[in-house]
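Student: Could we go through some labels in this model and ask what earns each one?

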Amino acid sequence: MAATPRFRNDADAASDADPHLAPEPASADRKHPVDETLPPLKMFTSGLQHVAAMYAGVVAPPMIVGPAVGLSPKETAFLMGASLFTAGIATLLQTLGFWRIGARLPFVNGVSFAGVTPMVAIGKDRGHDGIAVIFGAIIVASLIGFLLAPYFCKLVRFFPPVVTGTVITLIGVSLLPVAFNWSQGGNAKAAEYGSMTNITMAAVTLVIVLALRKLLRGFLQQIAILLGLVVGTLIAIPVGITDFGAIKDADPIGFPTPFHFGAPQFEIAAIVSMSIVMLVCMTESTADMLALGRIVGRPADERTIEGGLRADTLGSAISPLFNGFMCSAFAQNIGLVAMTKVRSRFVVAAGGGILIVLGLVPVAASVIALVPLPVLGGAGIVLFGSVAASGIQTLATAALEKGENALIVAAAVGIGLIPIAAPEFYHAFPKDLLVVLDSGISTGCVVAIVLNLAFNHFGGKPEPEPSEREQSPAAADPVAAH
C-alpha cells in the first residue's frame, strides 16, 4: 500500500477519535507520528516518563506473590528486578517487533495483575517449588496464546465504536481506583493509610501536573507528568513520606539468572488456571490496542492485533526464563500517550530500554522507587482519567441515539463497574470464574460484544442508508466497522 493514502486515512481516523488531534498533512516522504524518532534527550525523558507511570504496576505483583509463596525479602527483590527486565524485553517486542510479531505502536508491556490471585493460589507456601510451578504454567499458557493469536485477532470485527468506546471508558474507570489507592498510601494495613498527609500530597501533585500542563509549552508540556512527579517527590522529602531505604539496600549490579528458582515444573491444574488468565490478558490487550490505535491515528487492524498478541504471548513465554511473570498491556500508559500527544513508538522503546537497565542495575531502579505512592496517585488520576475521556470521545461517534446502542453501553458499563463498586459481589462464585469476573474490563467487553451482536447483527436489522453510512465513523474506519 502506498505511503500517502495510508497516512491520510490514519490521520482522518485520528481526528475522528480525538478532536484535539488535527489531521496530519499527507506527504510521500513524511513518516507517520508513530514512526517518528525524537532527539536523544527528548527520547530519553519521554521514555522515562512512561517508566515512571508504570513502575509501581510492574513491581506490585512480585511484591505480592513473593511473600505469599514463602520467598525471603531478598528473593522478592530479585523477582522485582526480573519483572522490570522482562517488561523491558516485552515492550521492545511490541514497539520494534520483528517478522509478524509486535503491534509497532507506542504500547507498553509489563507484568499482568490479572494473574496475581491464581499465582498466589498455585504457589502459596511452596517456596521455590511454587515459583517453578507458576513459571511452568506461564510458559505453556503463553505458547497456547501464541498459537491462538491469528484466530483471536479476528475478534476485531466485533469491536465497532459502541463496543470500543465502552471498553476504553471501562479501562480508564477501572484504573482510577488504583490511583485512589496510591493516593492513600498503597498499603491498606499501614497506620498512615488514607491520612491527610498522603491525600494532601496526592492533591498537591495533581495541581502541579495540571498547572504545568497549562503553563508550559512544547516539549516541557509533554513531560509535565514527569516534572510533576519530580516536584512532588521533592516536596514529599520534608513532609517525611519519601523512603530512602531502597537505595541503601540495593545492589549496584544484578542480573536475573535464568531459572534462578529451579527448572520449571508442569502441573495440569496450574496450566489450566494460567491459560484462563492468558485469555483474559489477550482480551484486554485487544481492547487496549484498539484504544491506542484510535488515539495515535493508526487504527489497529487484524494484522496489528495479531502482531501485538504474538508479542504479548512471546514476551510472556520468555519471561519465566529470566524469572518474570506473564506480561500484557499497561493501560495507564495509553493515558500518557493521550495526554502528551507524543505518539512515537520509539519513545516507548526507549522506555523499554530503561526498564532493562533498571532490571540490571537495582540501585538505579531504587531511584525510581523514591517516588512516593501518594505522589504517583495524584498524577495517576490525570493519566487514568485521560483514558476514560478517550472512551467517551469514541462513544460520541457511536450513534447512541439509534437503535439500542445506548442500552448496550448502559448494560456493559453497569456490569463492568461491578468489581469496582462492589468488590465482594462475586464472593460466592468458584475461584476459577473470578479470574474473569473480577476484571471489569473483561466482563464489560464480553457484554458489549454479545449485546452488539444481538441488537445490531442478528434478527435481520436493515442496513443503514448511504447517507448514514457516509457519516458513520465505522464506515470511514474499516477497523471499527461491524
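The talk below turns to backbone angles, burial and aromatic rings.

Tutor: First, the ground rules: this is a predicted model, where local features need pLDDT of at least 70, side-chain atom pairs count only at pLDDT 80 or more, and totals for chains, interfaces and linings use all residues. Residues are numbered from 1 along each chain as its sequence is written, and side-chain values use heavy atoms, with hydrogens and water left out.

Student: Why is Phe259 called partly exposed?

Tutor: Buried means under 20% relative accessible area, exposed over 50%, and partly exposed in between (1.4 Å probe, protein chains only). Phe259 has 32% relative accessibility, so it counts as partly exposed. Its phi is positive too, about 50°, although Phe259 is not a glycine.

Student: What makes Phe261 buried?

Tutor: Its relative accessibility is 6%, so Phe261 falls under the 20% cut-off.

Student: How do you know that Phe78 and Phe261 are an edge-to-face pair?

Tutor: Rings of Phe, Tyr and Trp (its six-membered ring) pair if their centres lie within 6.5 Å; planes under 30 degrees apart are stacked, over 60 edge-to-face, the rest tilted. Here the centres are 5.9 Å apart and the planes at 75°, so Phe78 and Phe261 pair edge-to-face.

Student: And what makes Phe425 and Tyr426 edge-to-face?

Tutor: Their centres are 5.0 Å apart and their planes at 85°, so that label fits as well. Phe425, Tyr426 and Phe429 form one aromatic cluster.

Student: How do you know that Arg310 lies over the face of Phe146?

Tutor: A charge sits over a ring if NZ of Lys or CZ of Arg is within 6 Å of the ring centre and within 35 degrees of the ring normal. Arg310 is at 5.8 Å from the ring centre of Phe146 and lies over its face.
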